[in-house]
Amino acid sequence: MEQTILQFKKTSVTSKKPLVATENSAGADLYANIDKTTMIRPHETIKVPTEIAVSIPNGYFGALVARSGISTKRGLAPINCVGIIDSDYRGEIMVPLHNHSEQTQIIEPDERIAQLIILPYLKITPVEVETLNATNRGNKGFGSTGKWQKKIAYIRSKNFNLFQN
């Protein structure tokens, strides 16, 4: 598989290089660059510094995502689920880490707290129109493609009356 160089800069002498843990890891783990153990209370969000900045190639963006271990075992994940880092941003990466659990969680100095995945994107130009092209789905939104909706449609098609005596 082709490798791409991700340039990064430490903004502190204590910063740690992002870790690509295995040969086929999709992302690089980011470390908490904190001086001491930090508590995150239930349903609280804190901005955890990494004290690194990156240079993402044009045509790509960085997706800041949860690490599977601390998210499933401890309920810790970025508050917005996926943070977007644009290719022209050169500031420090901060991780808005949220505690989704009912227990206070502890973050240790140099703990791996998130992953950075580099992905391509399509550049867009929003253009207002009067109508959009038609699709089978149309404006059916949340849950419209689920099994429950199909069952309801089937029942309605057979003219069942669920409230008959």
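How much accessible surface does the protein chain have, and what percentage of it belongs to carbon and sulfur atoms? The accessible surface comes to about 12,400 Å². Carbon and sulfur atoms hold 54% of that area. Keep in mind that this is a predicted model.

**Elements and order**

The protein chain has 11 strands and 2 helices. Start at the N terminus and six strands come in a row: β-β-β-β-β-β. A helix follows. Then come five strands, β-β-β-β-β, and a helix ends the run.

**The chain in numbers**

| Property of the protein chain | Value |
|---|---|
| Buried residues | 29% of 165 residues |
| Contacts between residues 24 or more positions apart | 71% of the contacts with a separation of 6 or more |
| Accessible surface from carbon and sulfur atoms | 54% of about 12,400 Å² |

The second row concerns positions along the sequence. Among contacts with a separation of 6 or more, 71% link residues 24 or more positions apart.

**Rings**

How many aromatic pairs does a search of the whole structure find? The search finds 1. Another ring feature involves a lysine. Lys 16 lies over the face of Tyr 31. The distance to the ring centre is 4.5 Å.

**The largest pocket**

Now look for the largest pocket. Its volume is about 890 Å³. The lining consists of 22 residues. Which of them lie nearest the pocket centre? They are Gln 3, Thr 4, Val 20, Ser 25 and Ala 26. Strand E11, residues 112-120, gives the largest share of the lining, with 4 residues.

Notes. Residues are numbered from 1 along each chain as its sequence is written. This is a predicted model: local features need pLDDT of at least 70, side-chain atom pairs count only at pLDDT 80 or more; totals for chains, interfaces and linings use all residues. Side-chain values use heavy atoms; hydrogens and water are left out. Buried means under 20% relative accessible area, exposed over 50%, partly exposed in between (1.4 Å probe, protein chains only). Contact means heavy atoms within 4.5 Å. Accessible areas come from the Shrake-Rupley method with a 1.4 Å probe; for residues, only the protein chains shown count as cover. Rings of Phe, Tyr and Trp (its six-membered ring) pair if their centres lie within 6.5 Å; planes under 30 degrees apart count as stacked, over 60 as edge-to-face and the rest as tilted. A charge sits over a ring if NZ of Lys or CZ of Arg is within 6 Å of the ring centre and within 35 degrees of the ring normal. On a 1 Å grid over the protein atoms alone, a cavity is a set of points where a 1.4 Å probe fits but cannot get out, and a pocket is an open set with protein on both sides within 12 Å along at least five of seven lines; lining residues have an atom within 4 Å of a point. Grid points are joined across faces, edges and corners, and a volume is the space filled by probe spheres set on the points.
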